[in-house]
Amino acid sequence: MRDTSRPVPFARASRAVFDLALEGMVWSRRSLLMAVLLGLPIVFAIVYRVVLAAHIPPRVTPFDLYGAVVVFYYLRNVLPLAALFYASALIADEVEGKTLTYLLTRPVRREAILAGKFAAYVATTLSLALPAVVVTFFILLTSRGRVGLGGAVPDLLRDLGVLALALLAYGALFTLLGVLLKRPVIPGLLFLFVWELIANLPGYLPRFTLTAYLRSLVRHRPAEEGISEIFGQVLPAALCLEVLAGAIIVCLAAAAWIFSTREYVMDQ
Amino acid sequence: MTRSRLVVLSALIVVGVGVVGALGALYFDPARAAVGPLPAEGLALPGDTQFVMGFDVHRFVASPFYQRFGKDRQGQGRPPGFTELEEKTGLNPERDVDRILFAGRGVEKGPEGGVLLVSGRFDRTKLSRAIETETKGVTSKSHEGTTVYLFREEVGKKTGAAAFLDDDTLVLGPRESVEATITNYAGGKAPMRSNAALVALLESVKPGSTFWAVGDQSVLSRLPLSIPGATGQGAISLPPVKSVVVTGDLDPMVAVELTGEAVDGKAAQNLADIVRGFVALASLQASQRPELKELASAVSVTTDAARVHVNLRVPYELIDSLSGKRPMAANGAPESR
């Protein structure tokens with residue numbers, strides 16, 4: 001018999017919250033929208049294979065297209081957006097729906113609630129994003145036979161790792177925003193589509209963005225225009241991994257601390 | 001199992017199957033080799049090799065580049081000399097040669113210079129007879145049980161040598177280098193593995209490239225450290241380069257990726273600025289030759305800590321316009337207009 005005067009152990013509590021949150025996340029309208037957005041490159045790859053391959057100039061190879069999809073579509077736009085909409089809502093949705101009280105009155109530590117919900121976010125977004133990337137890779141890279149497929153495999157594995165890291169890093173940041181702010185979506189969008197643009201500037205400024213580190217980790221360098229082409233710089237891989245790991249740990253720790261100490265007053 | 005877990009499991013299976021399939025494609029890829037693009041027999045090359053170049057003959061022959069520029073002057077048939085070579089040796093380079101490797105050992109090695117490894121399918125009897133009958137002053141000797149053909153074996157002159165490492169590999173070069181390679185191969189030694197700097201560079205070569213080259217500091221130290229300025233006056237100082245990796249493909253366009261490692265980030269930035277300067281100069285000439293602007297836009301230069309990456313992607317239409325040649329159809333014949 002469990003001692004009810006003491007909270008449920010962290011791992012058990014997190015797992016229970018994970019199951020609950022996963023069920024709510026996977027089967028939601030948000031996931032449907034994200035599945036469509038994340039799966040669009042598959043549709044594009046099929047259209048390319050069936051129709052466009054004959055019309056696109058041969059200077060654009062399927063591997064170039066795949067690289068552009070990874071860098072511009074997934075890494076720069078859709079994955080950060082997915083992270084924003086899921087991670088910022090981990091706690092904010094409970095506050096908005098006035099259901100946080102039911103969670104907080106259970107004998108579980110608040111950190112366990114956040115850990116379980118963050119794990120559910122990671123599982124959901126990875127489940128939606130990574131299969132789409134793998135399928136897009138195979139459809140595009142086999143459009144001209146198997147030539148060059150083997151050579152591109154290290155890039156696929158690297159991309160999968162970097163995309164997972166992007167979901168973790170942006171997810172941790174937006175989880176922090178979600179526990180810090182009542183309405184985190186607008187600041188999150190400003191961060192993604194205004195602040196992150198400084199990654200294209202010269203000097204040390206790109207080091208204050210997440211996208212500069214993530215983009216440096218992938219090997220694709222699709223042609224860009226304007227200042228990003230002129231000042232495009234690639235940061236050392238070791239530095240990128242250190243900074244991203246640091247950002248994930250700091251953001252999650254700060255989010256856990258704020259969530260566990262903050263007093264939530266539900267509006268009636 | 002809940003429906004959500006089923007979704008996660010399905011996604012995991014899709015990714016898992018994809019990764020396994022991808023690894024299978026990598027494993028069975030013909031470009032897969034012992035160290036980067038270097039095949040197992042390449043590891044028998046001398047350990048003090050300073051640079052290695054590789055050339056995938058099949059990819060080259062199948063490329064639009066060969067269709068356009070590899071044929072004879074009439075643009076039809078095989079390059080001159082190939083028919084004669086096949087008659088004498090049974091060797092059709094377009095069909096029989098898979099890969100060519102050249103390992104350089106530096107100028108100070110003198111007669112112990114570079115070694116050429118040619119992999120493919122050879123008619124050994126016909127080729128050996130051709131060497132013995134068609135070449136003047138050729139002698140042969142046995143080294144580690146392998147017949148080595150020696151050319152120009154005279155006092156005071158470099159002696160060239162050729163031998164079959166196995167049925168599929170021909171080694172050519174100065175006698176000492178060829179014998180050293182045979183000794184290593186026969187003894188199962190892989191001295192190239194001990195050359196950690198070069199092995200690291202080889203591992204960074206993009207798999208499946210049509211041609212590639214890697215060189216370490218020892219060979220690059222002999223490069224000039226300054227080049228004449230654009231006006232012919234003064235000189236531009238070049239930062240020293242520690243290593244260089246070049247990979248290239250010829251299909252569907254000429255794509256060359258060059259990565260040079262400078263001594264530090266500042267030197268890399270300087271080097272990148274010099275390359276960008278030349279690209280900008282080419283752009284300035286665009287008023288006289290518009291195609292130069294397109295050529296300049298085909299070059300991109302980025303830096304990554306102490307490394308400089310130069311990417312060149314030139315479509316064949318641009319090469320045609322630069323050379324004043326008529327565009328060619330896919331089969332190599334000039335397009336009719």
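Biologist: Which residues of helix α6 (residues 124–134) of chain B are called buried, and what does the word mean?

Modeller: Residues are numbered from 1 along each chain as its sequence is written, while chains are lettered from A and ligands numbered from 1 in the order in which they are written. This is a predicted model, where local features need pLDDT of at least 70, side-chain atom pairs count only at pLDDT 80 or more, and totals for chains, interfaces and linings use all residues; side-chain values use heavy atoms, with hydrogens and water left out. Buried means under 20% relative accessible area, exposed over 50%, and partly exposed in between, using a 1.4 Å probe and protein chains only. In α6(B), the residues that meet the buried cut-off are Leu127(B), Ser128(B), Ala130(B) and Ile131(B).

Biologist: How do you know that the buried residues of α6(B) line one face of the helix?

Modeller: Looking down the axis of α6(B), you find its buried residues within an arc of 160 degrees, so they line one face. The arc is taken over the directions from the helix axis to the C-beta atoms. Turned away from that buried side are the exposed residues Thr125(B) and Thr133(B).

Biologist: What do the buried residues of α6(B) pack against?

Modeller: Their partners in chain B are α4 (82–89), β5 (146–151), β6 (160–166) and β7 (169–174). Contact means heavy atoms within 4.5 Å. As for the element names, helices (H or I, at least four residues) and strands (E, at least two) are DSSP runs, numbered from the N terminus.

Biologist: Strand β7 of chain B interests me; which residues does Gly173(B) touch beyond its neighbours within four places in sequence?

Modeller: Gly173(B), which lies in β7 of chain B, is in contact with Gly114(B), Thr159(B), Gly160(B), Ala161(B) and Val178(B) once those neighbours are left aside. Its C-alpha atom is also separated by 8.9 Å from that of Leu117(B), 56 residues apart along the chain.

Biologist: Why is Glu144(B) described as partly exposed, rather than buried or exposed?

Modeller: Its relative accessibility is 49%, so Glu144(B) counts as partly exposed. This residue sits in the loop between β4 (139–143) and β5 of chain B. Glu144(B) also has a positive phi of about 55 degrees, although it is not a glycine. Most residues other than glycine have a negative phi.

Biologist: Over to chain A: why are helix α6 (residues 110–141) and helix α7 (residues 149–180) called roughly antiparallel?

Modeller: α6(A) and α7(A) pack at an angle of about 150 degrees, with their axes 10 Å apart. That angle makes α6(A) roughly antiparallel to α7(A): angles over 145 degrees count as roughly antiparallel, under 35 as roughly parallel, 65 to 115 as roughly perpendicular and the rest as oblique. The axes are lines fitted to C-alpha atoms, for helices over the stretch in contact, and the angles run from 0 to 180 degrees between N-to-C directions.

Biologist: Which hand does the crossing of α6(A) with α7(A) have, and how do its residues divide by class?

Modeller: α6(A) passes α7(A) in a right-handed crossing. The contact residues of this pair divide into 23 nonpolar, 3 polar and no charged. A crossing is right-handed if the near helix is turned clockwise from the far one by less than a right angle, and left-handed if anticlockwise. For the classes, Ala, Val, Leu, Ile, Met, Phe, Trp, Tyr, Cys and Pro count as nonpolar, Asp, Glu, Lys and Arg as charged, and the others, Gly among them, as polar.

Biologist: What makes helix α3 (residues 62–87) of chain A and α6(A) roughly antiparallel?

Modeller: Their axes come within 11 Å and cross at roughly 165 degrees. α3(A) and α6(A) are therefore roughly antiparallel to each other. Their contact has 19 nonpolar, 3 polar and no charged residues.

Biologist: How do you know that the buried residues of helix α8 (residues 185–193) of chain A share a side?

Modeller: The buried residues of α8(A) are Gly188(A), Phe191(A) and Leu192(A). They cover an arc of only 95 degrees around the axis, which puts them on the same side of α8(A). On the other side, Ile186(A) and Leu190(A) are exposed. The buried residues pack against α3 and α7 of chain A.

Biologist: And where two chains meet, why are helix α1 (residues 10–26) of chain A and helix α1 (residues 3–28) of chain B called roughly perpendicular?

Modeller: The axes of α1(A) and α1(B) come within 8 Å and cross at roughly 80 degrees. That makes α1(A) roughly perpendicular to α1(B). By class, their contact has 5 nonpolar, 1 polar and 5 charged residues.
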